[in-house]
Each structure stands twice: as C-alpha cells, then as structure tokens.
Amino acid sequence: MIVDTHAHLYDPGFDRDRDEVIRRALREGVGAIIAVGTDLDSSRVSVELAQAYPWVYAAVGFHPHDASRLTPEALDEIASLAAHPKVVAIGEIGLDYYRKLSPKEAQGRALEAQLELASSLELPVIVHCRDAHAETLAILRLWAGRRSLKTGGYIGVMHCFSGDEREGMELIGLGFMISFAGPVTFPRTQRPKLVAMKLPMTELLVETDCPYLTPSENYGQRNEPAFVWAVARGLAEAREIPLQEMASITNRNAQKLFGLSLIRKEDIGDPFPIPVYTGRST
Ligand code: NI
C-alpha cells in the first residue's frame, strides 16, 4: 500500500470521472489520499470528498496564487472547515514568486495568517514554495521556533520539494518532512534525485500533485493518485532500495505527520458500497 499526500481532486480535470479515479486509486493500493484545497471552494470540495470516501482525507487553505482573496471572513471559513475530523492539515499555503498571481505582500500575509491558524488548531501545514526559498524559510523559521515551544515533533511538509540538500536539512531541523512528486521520475532532471538521495528516510513523503506533474512512465496522461507508485519507484531507484520498502517507509512517515490510517480495498469490498460523489450539495 501507499499514500498520495497531495492530490487536487477538486480540479475540473477530474469532473468527467472523479469517482472512478478515486476508486481506482484504492483498487491499486493507494490506502490514503490527501485532497488538497487551494481556496475556499476547492477546500470545501476537498472536505466533501473526504467525507464521502473513507480513504480520502483533506487539507484546507489558500494557495499563494489565491492569497489576495483570503479575507478575514474566508479565514474564518477555513477554520470552520478545518474542524472536520478528516481534515489533517492546513494547505496548500506558501509563497510563489514565479507566477506572482497575487502580490508578494498578500502572499506573505496569507502565509503568516494560515500558519497561525495551523498552530491554534494544532494541525500540520502543507507548504508550496516556488522561486521564494529564502523568503519562505525566513517565515517558517520564525513560526517553527514559536510553535515547537508548544508541541515539538513534526509540524508540516514542504511539498514537491525543489530546493537543495542544505534547505532540505534546515527544513527537517525545523520539524518539516520533505515530499517528492513527478519530477523525481523525469529522466533529464537530476536535482530532485540527487537531493532525495541525501535526505534522511524518516522525513520523506511521496505525492502526485495531480492533475499536474505526471510521472515519466505515465507521460501524456492526466496525472492521478494511482500514479503515486511511479513517484515512489523513482525515489526507490534514487535510494537503491526496493519499492515496497520505500512505500512502507513513506507510509509510516505520512501516518506520523498527518495521523491518518490506511484502508485496504478488502476493508471496503468491491464494488464499494459507497454512493458516487456527484458534487456540491449547495
Ligand atoms: Ni499542489
């Protein structure tokens, strides 16, 4: 079994066959999926999916692209969604200076407000960072210092990690895990493989970030949670360990960080007696 720690299941790319995609993942041994929101609507849908499918969990939050829409009211709504027992993290949050779809100041404010929310709810965070490594680390360093005084232990994950070994080790020192996605499988991209080789196994996670970042062996297809096996295979090859060992290590790590449990298809029965999720009731 394996866990996909980062899937954008609300994405319109899944509108045609979302239910089938989610069931196929379970059939192929994906025992837990974290459905990650990027704004209010997608966070709501992620919670509804977590409610509908036993093997789906949710993360709620505003992505840096949507940071300028994070009003105080929206933050309150995120807080109330986060009260759902299957919400396992605040995310995805962070900084993205590559596309800069929200102004830098709005991104910084949204990140800080959501980090504080995560602290007050004692939830881990799922962090996105693109072309803003120094700025993100500076904010996380301050937050982690305050937070670890209270809780200790793991406090979040840097998703789809694109930094170097030094950044990875600093994040781990702060209480973060490091998650790898499709790029670890790309034949012409060396950095994630080289970085993944050096970081401790006890802090590694795998994810698809679907429908984006399709692993190389599924080239040309829409990415989906079942393809998380390809990511784990890429990571296992970089580390020169068997795939099953990589899967069980990353499962253990995901359980430690998010407190989730894995479901086997035998636990549910096939065909699964679960009503098809047909979208928002409101
Ligand atoms: Ni994402």
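**Entry 1: the largest pocket.** I began with the largest pocket, whose volume comes to about 780 Å³. I then listed its lining, which consists of 34 residues; His-128, Arg-130, Cys-160, Asp-209 and Leu-213 lie closest to the pocket centre. I note that the model is a predicted one.

**Entry 2: composition and origin of the lining.** I sorted the lining residues of this pocket by character and obtained 12 nonpolar, 11 polar and 11 charged. Which elements each supply at least two residues of the lining? I found three entries: strand E4 (87–96), strand E5 (125–130) and helix H7 (191–198). The greatest contribution comes from E5, which gives 3 residues.

**Entry 3: the sheet.** I turned next to the strands. I recorded an open sheet of 8 strands with parallel pairing, and its order reads E1-E2-E3-E4-E5-E6-E7-E8. Strand E1 (2–7) and strand E8 (204–206) are the edge strands, each pairing on one side only. I also looked up the turn between neighbouring strands of this sheet, which is 30 degrees on average when direction is ignored.

**Entry 4: a helix on the sheet.** I found that helix H4 (residues 104–121) packs on the sheet and touches both E4 and E5. The direction of H4 makes about 160 degrees with that of E4.

**Entry 5: the E1 edge.** How many bridges join E1 to strand E2 (residues 30–36)? I counted 4 bridges, and the two strands run parallel. For Val-3, I identified Ala-32 in E2 as the bridge partner.

Notes: Residues numbered from 1 in each chain as written. Predicted model: local features only at pLDDT ≥ 70, side-chain atom pairs only at ≥ 80, totals over all residues. Heavy atoms only, no water. 1 Å grid on protein atoms, 1.4 Å probe; cavity = no way out; pocket = protein on both sides within 12 Å on 5 of 7 lines; lining within 4 Å. Points joined across faces, edges and corners; volume = space filled by probe spheres on them. Nonpolar A, V, L, I, M, F, W, Y, C, P; charged D, E, K, R; others polar. Pairing = 2+ DSSP bridges. Axes fitted to C-alpha atoms, helices over the stretch in contact; angles between N-to-C directions. Contact = heavy atoms within 4.5 Å.
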